[in-house]
Amino acid sequence: MKRILALSAIAAVLYGCDSSTPGDEDKYVAFNIVTYEGTSADGVTSLSYQVINDSPLLTLTCRWSPDRELTAGTRLLVAYSTDTPTESGSVNLLQASLVYGGASEVSDKTDSIAGSGTPLWINSMWRSGNYLNLDCQARYASDSRKVRLVADDSTLDDDYPVLYLVNCAKGEDDMSPYNQRLYGSWDVGALWSRPTVMGLTVIMDDANRGASEMTFSKQSE
């Protein structure tokens, strides 16, 4: 069965929960941001992910063919049922959603980028392998939205290169009572893998904790 791929991610936290009831195929339902690796000719899709930091790479396989063309490396938020939530193996895919992100950008105009967006209510931001992942909420926007992660060109040779997390949306209503749950994942491997880099600093406008930056340090992991 094909599942709908939509940019609006499902509203769910990223953990496994016991959902066993009579007739359930599997015991656990898990939610993870994963990398689409490809789909074979017979309709078997491979997905991979790391739980946190440099934990082992896990590979999931499922009987599912995307309803649109996806390139290998596309990041997805997936929900699936399984008996082995912490291991590689075959799973029953329940839903797949596109997330914001891609490759992190580099710009020499971050002075104009800083402060150009609107706040995000950040639930969590974490690194998994080469990716920085985001779970957040933002005011409802009736038109297009961009959530960008932009590296400051002038800091690329620093111990801690600086990146800006920016939320820009058209049709965002200050008076709207509705929030949207958003997920993002950006590939920062080119920066993180540099031997001179000790970590990354992300500048943000976090309406949840009032935070203005978050640092991901190799030493602290």
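Trainee: Why is T201 called buried?
Mentor: This is a predicted model, so every value here is computed from it. The relative accessible area of T201 is 10%. The cut-off for buried is under 20%. T201 therefore counts as buried.

Trainee: Where does T201 lie, and what does T201 touch?
Mentor: T201 sits in strand β15, residues 199-203. Leaving out residues up to four places away in sequence, T201 touches Y160, P161, V162, L163, E213, M214 and T215. Then take D159. D159 and T201 are 42 residues apart in sequence, yet their C-alpha atoms are 9.8 Å apart in space.

Trainee: Which sheet has β15 in its order?
Mentor: An open sheet of five strands, ordered β9-β12-β13-β15-β16, with mixed pairing. Its neighbouring strands are turned by 30° against each other on average, direction ignored.

Trainee: What makes β9 and β16 edge strands?
Mentor: Each pairs on one side only. β9 covers 105-107, and β16 covers 213-217.

Trainee: How do you know that β9 and β12 pair?
Mentor: Count the bridges. Pairing needs at least two. β9 and β12 have three and run parallel, so they pair. S107 stands opposite D152 of β12.

Trainee: How many bridges join β12 to β13, and in which sense do the strands run?
Mentor: Seven bridges, antiparallel. β12 spans residues 145-152 and β13 spans residues 162-169. R145 faces A169 of β13 across the pairing. V147 has N167 of β13 as its bridge partner.

Trainee: What makes the pairing of that five-strand sheet mixed?
Mentor: Look at its two pairings just described. β9 and β12 run parallel, whereas β12 and β13 run antiparallel. Both senses occur, hence the mixed pairing.

Trainee: Why is β12 called largely enclosed by the rest of the structure?
Mentor: Because six of its eight residues are buried.

Trainee: What order do the strands of the four-strand sheet have?
Mentor: β8-β14-β11-β10, again an open sheet with mixed pairing. The edges are β8 (100-103) and β10 (121-128), and each pairs on one side only. Neighbouring strands here are turned by 10° against each other on average, direction ignored.

Trainee: How do you know that β8 and β14 pair?
Mentor: There are four bridges between β8 and β14, in the parallel sense. The requirement is at least two, so β8 and β14 pair. β14 holds residues 179-187. Y100 has G184 of β14 as its bridge partner.

Trainee: Is L98 buried or exposed?
Mentor: L98 is buried. Its relative accessible area is 17%, and buried means under 20%. L98 belongs to strand β7, residues 92-98. From L98 to G184, the C-alpha distance is 8.9 Å, with their positions 86 residues apart in sequence.

Trainee: Why does N53 count as partly exposed?
Mentor: N53 has 22% relative accessibility. Partly exposed runs between the buried limit of 20% and the exposed limit of 50%. The value falls in that range, so N53 counts as partly exposed.

Trainee: Where is N53 found, and what is its phi?
Mentor: N53 is in the loop between β3 (44-49) and β4 (58-63). Its phi is near 50°, a positive value in a residue other than glycine. Most residues other than glycine have a negative phi.

Trainee: What makes R75 lie over the face of Y131?
Mentor: One criterion is distance: the charge must be within 6 Å of the ring centre. R75 is at 3.7 Å from the centre of the Y131 ring. The other is direction: within 35 degrees of the ring normal. R75 counts as lying over the face of Y131. K218 over the face of W192 is another case, at 5.5 Å from the ring centre.

Trainee: How many aromatic pairs does a search of the whole structure find?
Mentor: Zero. A pair needs ring centres within 6.5 Å.

Trainee: How many helices and strands does the protein have, and what share of its residues is buried?
Mentor: Two helices and 16 strands. Of its 221 residues, 43% count as buried. The exposed area is about 11,300 Å², with 49% of it from carbon and sulfur atoms.

Trainee: Among contacts between residues at least 6 apart in sequence, what share joins residues at least 24 apart?
Mentor: 65% of them.

Definitions and conventions:
Residues are numbered from 1 along each chain as its sequence is written. This is a predicted model: local features need pLDDT of at least 70, side-chain atom pairs count only at pLDDT 80 or more; totals for chains, interfaces and linings use all residues. Side-chain values use heavy atoms; hydrogens and water are left out. Axes are lines fitted to C-alpha atoms, for helices over the stretch in contact, and angles run from 0 to 180 degrees between N-to-C directions. Rings of Phe, Tyr and Trp (its six-membered ring) pair if their centres lie within 6.5 Å; planes under 30 degrees apart count as stacked, over 60 as edge-to-face and the rest as tilted. Buried means under 20% relative accessible area, exposed over 50%, partly exposed in between (1.4 Å probe, protein chains only). Contact means heavy atoms within 4.5 Å. Accessible areas come from the Shrake-Rupley method with a 1.4 Å probe; for residues, only the protein chains shown count as cover.
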